[in-house]
2 protein chains.
Amino acid sequence: MSILAVGSVAFDSIATPAGRADNVLGGSATYFSLAASYFTKVRVVAVVGEDFAAEHENVLKKRGVDTRGIEHAKGKTFRWGGQYLENLNEAKTDFTELNVFEKFQPRIPDEYKDSQFLFLGNIHPSLQAAVRLKMGSVRLTGGDTMNFWIQGTRKELGETLKLINVLLINDGEAKMLAGETNLPRAAQKVIAMGPNALVIKHGEYGATIFFREGAFGIGTHPFRAPALPIDEVKDPTGAGDSFAGGFMGYIASQEELNREVLKRALFYGGVMGSFAVERFGTERLQSLTREEIEARFQVFRELTHLE
Amino acid sequence: MSILAVGSVAFDSIATPAGRADNVLGGSATYFSLAASYFTKVRVVAVVGEDFAAEHENVLKKRGVDTRGIEHAKGKTFRWGGQYLENLNEAKTDFTELNVFEKFQPRIPDEYKDSQFLFLGNIHPSLQAAVRLKMGSVRLTGGDTMNFWIQGTRKELGETLKLINVLLINDGEAKMLAGETNLPRAAQKVIAMGPNALVIKHGEYGATIFFREGAFGIGTHPFRAPALPIDEVKDPTGAGDSFAGGFMGYIASQEELNREVLKRALFYGGVMGSFAVERFGTERLQSLTREEIEARFQVFRELTHLE
């Protein structure tokens, strides 16, 4: 089944303790689409500028991603520069040039309208809501957001959360959104805002999924998946979007949506996030095989499972 | 089989967002012994003052803990006061009165000399080493330490680490000890200092055990156990020592020491830590049943295991 992903396409300039990379393809829609492409058919809606060449689009096309929804606008593509110092969980932004992304108004090609799954990447909550409302019936809508929108567009975000089935955010975002420092209590407060499930990403400690009571016909018990302890994180950029891509991609590849599928999806999210950080930019996500993904899934299982 | 635990017995005065408790029985040896007592026979070596009454000793005795190694000295028992603010992972110390603990010289009763397992609680590394050397052959020695010793008694700690088979510390301590911010690399550096295995406790995110290559006849793959997402942490004091008690207690209850036992031990550590924080002081650890412990073990399993 197919997923429609809406988000940013960007050129990133990244410095980490392992080195640096300049003007490499990035953005939430890019990481998400590449990660999800190993599981299901992906369609992308985003905006790029005149500096976005065929070679860039081919990165997505080679993975079978449908790029007809990428709008080519006059001007430059969104650019972001940042560095990770000792704490690889946190980026220090050097510059943000929104460029064509500033006026992004997502347009959904008619051929995309039958997508059964929708992922709303980290863009203005009103744009997220508009996309969701244009899509009519979908089986599941996933969404992301960040501190910037939680603080600056609270009301709009509140409306959007009613349209999202599974929200994927990190610990700090969940606590900020809920105004609550205890994680399980924060999770219940966020779920009360709309989503049926909340995935909280803990960075190097993995992720936990919390459920609304009765959602998906399953219990409310949370489930936790690990992250792989990785000796060398080359570049953490895109780990969260790659996680979302693995998570949503796996769900879209399954006939049924039940607790076991959501649990495995959380594992596949971690798997794709762990690959993403092994190289700069999207390099590692461009050339994986399904066998490598399954092998790492087994490593995750062995890392956490008793006999 | 029996464990000898050496550490502190204290009276704690604790304030948390959930309330406060004054002069309640605490200390590393107390939490460890109570937690381990549900799995195996525990013997304790510690020092207390004249304010340590029969009612306090009975808390341990009721759980079958052998208290003959508790030395009664002239003066007052170690007292600690602290508070936990929003971040329950970190205590702000209000006061520390070492009292009789300042001159603690652990004496091991002859009846304790046949203990097969040894746990060296968080005391001066030279005292830890002295205890280990007095004990002759044991099957496994576990140990704890903290930032204070890592910074202040580095050389002595280095010697002690050569005598410890499994070191249990938290993320910050592991990184400080190794001088390395990447967790798996920090783990390998600490293991190179002596221990065959290193348990790194991640607070609310669980714990990971790393192995020296070839140690215990098993592979080097790490294993990760979760912590329970708890709605209301009443009092985090003693969570780490309770973890160590569950971990070591379970190991001591098993005939063999293999990878599966160590994995399960990590789960039981998390289970006992999760109970400890539900009430102030040692209250919850005083009145558990083995059935409650097994039921929570199953909750931990369901929290992490795929079908």
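Copies are superposed by least squares on the C-alpha atoms of residues with pLDDT of at least 70 in both. On that basis, a rotation of 180° with 0.0 Å of shift along its axis brings chain A onto chain B with an RMSD of 0.0 Å. That is the relation of a two-fold axis. The same surface serves both copies, since 100% of the contact residues of chain A (contact meaning heavy atoms within 4.5 Å) recur in chain B.

The model is a predicted one, in which local features need pLDDT of at least 70 and side-chain atom pairs count only at pLDDT 80 or more, while totals for chains, interfaces and linings use all residues. Residues are numbered from 1 along each chain as its sequence is written, chains are lettered from A and ligands numbered from 1 in the order in which they are written, and side-chain values use heavy atoms, with hydrogens and water left out.

Turning to empty space, the search ran on a 1 Å grid over the protein atoms alone: a cavity is a set of points where a 1.4 Å probe fits but cannot get out, a pocket is an open set with protein on both sides within 12 Å along at least five of seven lines, and lining residues have an atom within 4 Å of a point. Grid points are joined across faces, edges and corners, and a volume is the space filled by probe spheres set on the points.

By this rule there is 1 cavity of 30 Å³ or more, and the largest cavity holds about 70 Å³. Its lining consists of Tyr205, Arg224, Ala225, Pro226 and Thr304 of chain A and Tyr205, Arg224, Ala225, Pro226 and Thr304 of chain B. Strand 13 (223–225) of chain A and strand 13 (223–225) of chain B each supply at least two of these residues (helices, H or I of at least four residues, and strands, E of at least two, are DSSP runs numbered from the N terminus).

The second largest pocket has a volume of about 340 Å³. Of its 18 lining residues, those closest to the centre are Leu228(A), Pro229(A), Val299(A), His221(B) and Pro222(B). Helix 11 (290–304) of chain A gives the most to this lining, with 4 residues, and helix 7 (183–192) and helix 9 (259–276) of chain B each supply at least two.

Elsewhere in chain B, strand 6 (residues 78–84) and strand 7 (residues 91–97) pair in the antiparallel sense over 6 bridges, where pairing requires at least two DSSP bridges between two strands. The two strands form a hairpin with 6 residues between them, and Tyr84(B) has Ala91(B) of strand 7 as its bridge partner.
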